[in-house]
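Student: Could you take me through one part of this model closely, namely its charged side-chain pairs, and then show how one of the helices involved is packed? I would like a single connected account rather than a list.

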Amino acid sequence: MNNSQWWKRAVIYEIAAVSFQDSNGDGKGDLPGLKRRIEYIRWLGVDTVWLTPIFRSPFLDLGYDIVDFCSVDPTFGTLDDFDQILTELHNNNIHLILDFVPNHTSDRHAWFGESRSSRSNPRHDWYIWADPAPNGGPPNNWLSRFGGSAWEWDEGRRQYYYHSFLVQQPDLNWRCAEVRAAMFDVMRFWLRRGVDGFRVDASAVLIKDDLLRDNPKNQRGGKNTPPPERLKPVFTDDRPETMDSIENIRAVIDEFGDRVLAGEVQGEITRIGHFYGNDRPRFHLPLNFALIDSEWDALSLQAMIDAYLNAIPQGAWPDWIIGGHDKKRIASQIGQPQARILAMLFLTLKGTPFFFAGDEIGMEQVAIPDERVRDPFEKLVGGYGLNRDPERSPMPWDHSSNGGFSSGEPWLPMGDIAVRNVEMLKADERSLLWLYRRLIGLRHQETILSEGAYEPLRSRNDVLAYKRVQGQDEMLVLLNLAHEPRQWEWQGNGTLLLSTHLDRDEQPLEGPTLLRSDEGLIIRLAQ
Ligand code: GLC
């Protein structure tokens, strides 16, 4: 494997700085706080951190509403704090990737101020402006993902502007060459500072249909479908012109070499392949959420893995995501015993694993009382279980008040700190946290786990089974999805490298194998 493709061997840890560690008692995590926790990140063993937006922002949408792309918001610290963190991470052989939010700005961004000021301003076409429909209403039926029409009337220009998300997040016009150039310079600003790549936000919606054709009705939608999904986003998402822009974004990354481009993509799993590109490359890693969306049983997981691997082009590098700032904590859905199976699964599959800070301690959805809801998605499209605050709750570090996260009132309620915190799990060498650490360590130590071929076996009897193979070396992974013991029939022998229970490692083992309830095993087969 090419040495410069470090991201193929990486284990990527997503951090929302606001929920990681506060240093000044304002209840919000910040960069000096994060700096203090680099030691923990090192101990855990991850080699890449993805940081959600830390740029100047009114923070209406977790910082995805940006006022200045080349700055650090004072809530988080300074550019100097950022540089220090980057240096310290690099000194510890940890890469850092940032969120790049090309689709929209905050409505308080100076560019928008200029664009809305008049139709003759030099930046008049930096955003998507359109005249009203003949009846004076919005130009077409396009819907904002955060509810209501995606068009907002602007009295000054007497035109509508388009926003895929919040009214306060106007979409940039990626058809405008100056916008593209300005955004490529944003990338270069951070790449020159030394960041190792980007996760590109909302990349599938960059360009919208230029005829402004109406989206058709979502025929599968019912009364439980959130209103923004009642139309099929045919003319707003995944347009061919968008692919061209993604290729240009990739070209900027390639100016620097040895960096990575991951992309948030939408749509059916069958569409994921084209986000890799063909003659002109697109993303190294279009983010794959299939694991989060899968039913939790051996046969469904086996089918999901196959469907995903079939959907990506030959030679494309897979990736697996188990959590994120927009996704419900999976431990709440599958339960703590199976959270161990999940850990062994996604850290032994072929492809770059991503997880969200807190997944390694089994963080669950935290209940948010109505008066503390922060997520605009929930405020604007409430009642459909869309609130993203429950997974964004701050990291519980220890037993002290506010879990050691902050000396002030945390920006979101915290879960039951006494049940689960880092300090407590670190003290127990059989905990989920230790399992993460052991699995990450094993993945780094055994190249077969990152580079080896993936060979499915026929899963039966609630056991998901596959091999990783590299030359003569073979590892067998057996995952018991049942809360009861299960037998796995096989002949031969090997060495048990790791059990999810962390109580019987490095033992000789012969098939057939009895898996205890909720147990997963990694076995190195004798050659
Ligand atoms: C992406 C982000 C999400 C945000 C949206 C608008 O989907 O992951 O958190 O709300 O973009 O920027």
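Tutor: Let us begin with R42, which forms a salt bridge with E39, their closest N and O atoms lying 3.2 Å apart; the model is a predicted one, and the distances are to be read accordingly. Both R42 and E39 belong to helix α2, residues 38–44, where they stand three residues apart, about one turn of the helix. R42 is partly exposed, with a relative accessible area of 40%, and E39 likewise counts as partly exposed, at 46%.

A pair that spans separate helices is that of R193 and D83, whose side chains meet in a salt bridge with an N to O distance of 2.9 Å. Because R193 lies in helix α5 and D83 in helix α3, residues 79–91, this pair ties together parts that are 110 residues apart in sequence. R193 is partly exposed, with a relative accessible area of 29%, and D83 also counts as partly exposed, at 24% relative accessibility.

The side chains of R239 and D209 meet in a further salt bridge, at 3.7 Å from N to O. Here R239 and D209 both lie in the loop between β7 (197–200) and α6, so the pair ties together parts that are 30 residues apart in sequence. In this case R239 is buried, and D209 is buried as well. Elsewhere, salt bridges with shared partners join D61, D326, D375, R388 and R392 into one network, and the count of salt bridges comes to 37.

Helix α5, which carries R193, can now be followed into its packing. Helix α5, residues 177–193, packs with helix α6, residues 240–256, at an angle of about 30 degrees, and their axes are 10 Å apart. Since angles under 35 degrees count as roughly parallel, α5 is described as roughly parallel to α6. The crossing of the two helices, α5 and α6, is right-handed. On the α5 side the contact is made by R180, F184, M187, R188, L191 and R192, while α6 contributes N248, I249, V252, I253, E255 and F256. Sorted by class, the contact of α5 with α6 comprises seven nonpolar residues, one polar residue and four charged residues.

Terms used: Residues numbered from 1 in each chain as written. Predicted model: local features only at pLDDT ≥ 70, side-chain atom pairs only at ≥ 80, totals over all residues. Heavy atoms only, no water. Axes fitted to C-alpha atoms, helices over the stretch in contact; angles between N-to-C directions. Helix = DSSP H or I, 4+ residues; strand = E, 2+ residues; numbered from the N terminus. Parallel < 35°, antiparallel > 145°, perpendicular 65-115°, else oblique. Left-handed = near helix turned anticlockwise from the far one by under 90°. Contact = heavy atoms within 4.5 Å. Nonpolar A, V, L, I, M, F, W, Y, C, P; charged D, E, K, R; others polar. Salt bridge = Lys/Arg side-chain N within 4 Å of Asp/Glu carboxyl O. Buried < 20%, exposed > 50% of the residue type's maximum accessible area, 1.4 Å probe, protein only.
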